[in-house]
Amino acid sequence: MTDTFAAESLSETSQRRRTAEVNEFDAFLQLLQDETTRDQTDRLLVVLRKALRDCVDGFHVCCGLRGIPDAIGFCMEILEAGVTDALVPLCELIEKCTLPFRIAKLQDELRLKSSLVSMLNAVASTLSVKEELVKCTAASAVEQIMARVRRDCTDDLAVGLTMTHAGSTTSSVCSGARAGRSLVSSPGSECGGEEKSDRQHALQLAVMGSFVLSALCAELRRESLPLNVEMAVLRALREASTFCFGCEVLCQEGCLRRLFALLEGRDLQDPAAFLLVEVIWNVLELFPLAREQLQEDGLRVIVTFHTLVRAALVDGYRVRDKEFRNDCLSVCTLLAGDTRTHQYFYESGFTETLFLAGFGLELNLDNEVLQRITGSMAIQDFELKRLAWNLLYHLSFHPANAQLLLLRGALEALLCYMDMSCPNPVVRRWPTLQLMDLQAQALHVVCQLALQGPEKFAEVDGAATLLRFLHDGMDVALRNTTLRVVVHLAN
């Protein structure tokens, strides 16, 4: 009996709260639409604040159609007229838009998407307000909304970062911007079945049907954007760029070239540089057609990334700096998928820097690029070597890059990993599993360089080294790979 009474009381309280919420917005709308009261700004703000206080758990669905857009429009209008008292209610209203809509009956399900679209468009319109606080609040709200979409639905980024190695695709340790990404459950798997899954998809479809992402892009294209606003917009775009539709909007709005333009001149002390690289990485990975937009500025783009990578190699000592360096190399690997960029790597000196990062320690070279990684066995520096080798493998299909590697001694450094009795301490320092990983990747690079420079391969007695490795190797998979390489070179 007591439990039944408590349940009824809870239900009545919830109903009264919902009714009060709707009535408060209705009262606000009536005052706003009445010619005799529409100019009573103070009274309208009082009613709006009361409505916001009653919306503790989020708005009712009907408020997305009538209530939220009108309230946002009213606050923007009087704010433009110089009424600063509207600033706090407007920001509070935007923040509450990040909460899920409350659904009370079946009819609410039918108008959920249209309410979401209307609410998102209203939030997007606030990005045009001059006040930085409103801009930051709106961008942060979009970030939270996109995070909800990612949390409730599966984003388009690959589950678990995979890295395409030279000649093969194997799993890689996540580093940098990709670190910490976990498996994303499919819609409805954790959320109570089909009903909630439909609501989750409604939010994603609403984002796609609104102009909120276009508004973010328009804001990013503004000149002299304040740093706090720029950071808020970039964080929102980072969430949006985890979906193909978000990447497509970014490219259609011309934002990719703008992102590269903003990246120029940045350094390791600039937090925006990390966000810029991650957004660019997502776009290039999920929307390959985006690379076509960069052809006009191909050399300029490669020079920008070379400057960042070299600065991180010379001056970067924090884990964050090393992860940023590796993220830049991952983006460059995607760019190198277009063979037209290979010449730019050579002309900019990027190939030389990659050679130093990949083989400088094995060849006992002395260069400022090597100071931060000498003797290091950190996972980030291990990934650096793999990323550098992988990128050099792709670049070695270009004759100029291949000749540079052959003349500087890349083959000799790689064959050290094939020599089971190699005395080189740089090679012998790696644990067994990491060494085997490097050996597998080295085999593919050796094969490519041997095809580009057979005379050099014969000069360093590469065939004999591979045959000894085939005979002495303990891992079956490595021996099979070596056998395939030997057969390929023999033909």
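The exercises below, each with a worked solution, concern a predicted model.

**Exercise 1. Confidence**

Find where confidence is lowest and where it is highest in the chain.

Solution. Start with the whole chain: the mean pLDDT is 85, and 86% of the residues reach 70 or more. Next, go to the elements. Strand β2 (residues 168-171) has the lowest confidence, at a mean of 39, and helix α18 (residues 350-359) the highest, at 97. Then look for runs under 50. One covers residues 158-177, for which the model has 42 contacts beyond four places in sequence. Another covers residues 179-196, with 27 such contacts.

**Exercise 2. The setting of R429**

Determine whether R429 is buried or exposed, and which side chain of opposite charge is nearest.

Solution. Locate the residue: R429 lies in the loop between α22 (425-428) and α23 (432-452). R429 is buried. The nearest side chain of opposite charge is E362, 5.8 Å away. A salt bridge requires a nitrogen-oxygen distance within 4 Å, and R429 has none. Finally, list the contacts of R429, leaving aside neighbours within four places in sequence: L361, I373, G375, S376 and M377.

**Exercise 3. Two salt bridges and their exposure**

Compare the burial of the partners in the bridges R318 to D321 and K456 to E459.

Solution. Take the N to O distances: 2.6 Å for R318 and D321, and 3.9 Å for K456 and E459. In the former bridge, R318 counts as partly exposed because its relative accessibility is 30%, while D321 is buried because its relative accessible area is 2%. In the latter, K456 counts as buried, at 18%, and E459 is exposed, at 61%. K456 and E459 are three residues apart in helix α24 (residues 454-459), so about one helical turn separates them.

**Exercise 4. A bridge with buried partners**

State the distance between the closest N and O atoms of R266 and D270, and classify both residues as buried or exposed.

Solution. The closest N and O atoms are 2.7 Å apart, in a salt bridge. R266 is buried, and D270 is buried too. A search of the whole structure finds 24 salt bridges.

**Exercise 5. Aromatic pairs**

Describe the geometry of the pair F28 and F74.

Solution. The count of aromatic pairs is 10. In the pair F28 and F74, the centres are 5.6 Å apart and the planes make 70 degrees, an edge-to-face arrangement. This pair links distant parts of the chain, with F28 in helix α1 (residues 2-33) and F74 in helix α4 (residues 68-80), 46 residues apart. Both F28 and F74 are buried. Elsewhere, F355, F359, W389 and Y417 form one aromatic cluster.

Definitions and conventions:
Residues numbered from 1 in each chain as written. Predicted model: local features only at pLDDT ≥ 70, side-chain atom pairs only at ≥ 80, totals over all residues. Heavy atoms only, no water. Helix = DSSP H or I, 4+ residues; strand = E, 2+ residues; numbered from the N terminus. Buried < 20%, exposed > 50% of the residue type's maximum accessible area, 1.4 Å probe, protein only. Lys, Arg positive; Asp, Glu negative; His and termini not counted. Contact = heavy atoms within 4.5 Å. Phe/Tyr/Trp six-rings, centres within 6.5 Å; stacked < 30°, edge-to-face > 60°. pLDDT = per-residue confidence, 0-100.
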